Amino acid sequence: MAGGRVISERLHGLRERLSNLERSRRVATATVRNLTPPPPSAFAAFGDGSWIVPPARVSTPQAISIGHHVVIHEHAWLSVVPAVEGVWPSLRIGDRCSIGRMCHIACVGEVVIEDDVLTSDRVFIGDTYHGYEDPDRPVLEQPMVDPRPVRISRGAFLGIGAIVLLGVTVGESAYVGAGAVVTEDVPPRTLVLGNPARPVRRYEPGRGWVAWPG
Amino acid sequence: MTERAERAGRGRAGRAGAAVGRIGRVLCPRLLAALPRPVALDPPAPGDLARCGPGSWIAAPATIVGAEQVALGTGVIVMEQAEIRAVPAAGAAEPLVVIGDGTRLARFATIWATVGVEIGAGVGTSDAVAIIDCWRPPGAPAGAIPDPPAGRVVIGDGAYLGAGCVIGPGVVIGRSAYVGEGAVVTSDVAAHTVVYGNPARPTRHWTAEAGWRAAG
């Protein structure tokens, strides 16, 4: 009887090790699959000479259109999700944009990045946030609030770790400084800094960069 | 030889397999060597830097643009995923990036230099610190309007930079100052001063007479 128990324990241990191995293999496979960007044909549009450098997380590529000669560097998370009823998300990235590493775009409504936009690493752009009004439910389980469109206009620049929140339009050739948290519209050719972001300088043709409001 | 390998070695199929294996072993390293390597993510050899003191190293992967503008003292550690872009503007003093003895930059550090970044000796940082002397990544295509002016960044000996902080253009950080986690520093920080916030403000300050006192 004792011998039987030993054998059964060993078999159990072996089964457990095998199932752990299988689990590791599944996790590794799923990770590689999730972090491999979809092929260009899966996107609503994907221009010539554009790249999404793996690893990258891309959801709902059929709602994402990418222009020509765009480079999205590694560890991007294009989180485009139909999360609000009756709203189909749309993320558009214009021609010749360069998006830095570890960029996170959370889009359930409309996010437009126009042509020639340059962003640094660790930029976050979101057109919604998790609702938190119900005090009895975890925030993660509460619905996303109604999105408000975000637009990064032509030639704008987002510094390292910049955060652009819902409903914001960043003007043409505006500079969003490193670490700025943008909660209101940024006028064109203006440098904003801080949390919340405030204009500190603006560019005037002929005078160069002058202190805000100058 | 194991039983399985013996079995594989028998018969026509086994011989063919072994031949393919031999050809593969000869060809594969050559094919791999012929493929383009991700050179951008390899740290530069010490000889490619302006200076690399004994015991200094840059961990892989790293993005180093303008390695010949980077001077490391002795025992400098730059951890993995660093991004250093050094592209001299006209009239900049070279080398652009100088890192002092015993300084340690933790993972995901970013340094952009066009007019000069000087990091003292014994400086410590936490992860994801950005030290930038200009407003756009050096080497990026020019925008429709000129960038706001760049300014030399100096970080004093023994200072500490908390996780995710940003040291902006033209900032001078004093000796043994402490830059708090997530702070965005846009103006100078005095020696022995703690700053927090975005934009960063002093919270504590040390003097020899009074010791540590709340700032302001």
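Which residue of E10(B) does B:Ile99 stand opposite? The points below answer this and set the pair in its surroundings; the model under discussion is a predicted one.

1. The residue that stands opposite B:Ile99 is B:Ile119, which belongs to E10(B). The two strands concerned are E7 of chain B, covering residues 97-99, and E10 of chain B, covering residues 117-119, and they pair in the parallel sense over three bridges.

2. This pairing belongs to an open sheet in chain B, in which six strands follow the order E1-E4-E7-E10-E13-E16 and the pairing is parallel. The edges are taken by strand E1 (51-52) and strand E16 (172-173) of chain B, and because each has a single partner strand, one side of each is left without a neighbour in the sheet.

3. For chain B as a whole, the assignment gives two helices and 21 strands. Of its 216 residues, 42% count as buried. When contacts in chain B are restricted to residues at least 6 apart in sequence, 27% of them join residues at least 24 apart.

4. In chain A, the description turns to antiparallel pairing towards the later strands. Strand E19 (residues 190-193) of chain A is joined to E20(A) by four bridges, and these strands run antiparallel; within this pair, A:Thr190 has A:Arg202 in E20(A) as its bridge partner. The hairpin that E19(A) and E20(A) form has four residues between the strands, and in this hairpin A:Gly194 takes a positive phi near 95 degrees.

5. Strand E20 of chain A, which spans residues 198-204, is also joined by four bridges to strand E21 of chain A, which spans residues 208-211, and here again the strands run antiparallel. Two of the bridge partners can be named: A:Arg201 is matched with A:Ala211 in E21(A), while A:Tyr203 is matched with A:Trp209 in E21(A). Three residues lie between the strands in the hairpin of E20(A) and E21(A), where A:Gly206 takes a positive phi near 90 degrees.

6. What does each chain bring to the contact between chain A and chain B? Chain A supplies 21 residues and chain B supplies 19 residues. On the side of chain B that touches chain A, the composition by class is 12 nonpolar, six polar and one charged residues.

Terms used:
Residues numbered from 1 in each chain as written. Chains lettered and ligands numbered in written order. Predicted model: local features only at pLDDT ≥ 70, side-chain atom pairs only at ≥ 80, totals over all residues. Contact = placed C-beta atoms within 7 Å. Nonpolar A, V, L, I, M, F, W, Y, C, P; charged D, E, K, R; others polar. Pairing = 2+ DSSP bridges. Buried ≥ 20, exposed ≤ 12 C-beta atoms within 10 Å, placed from the backbone.
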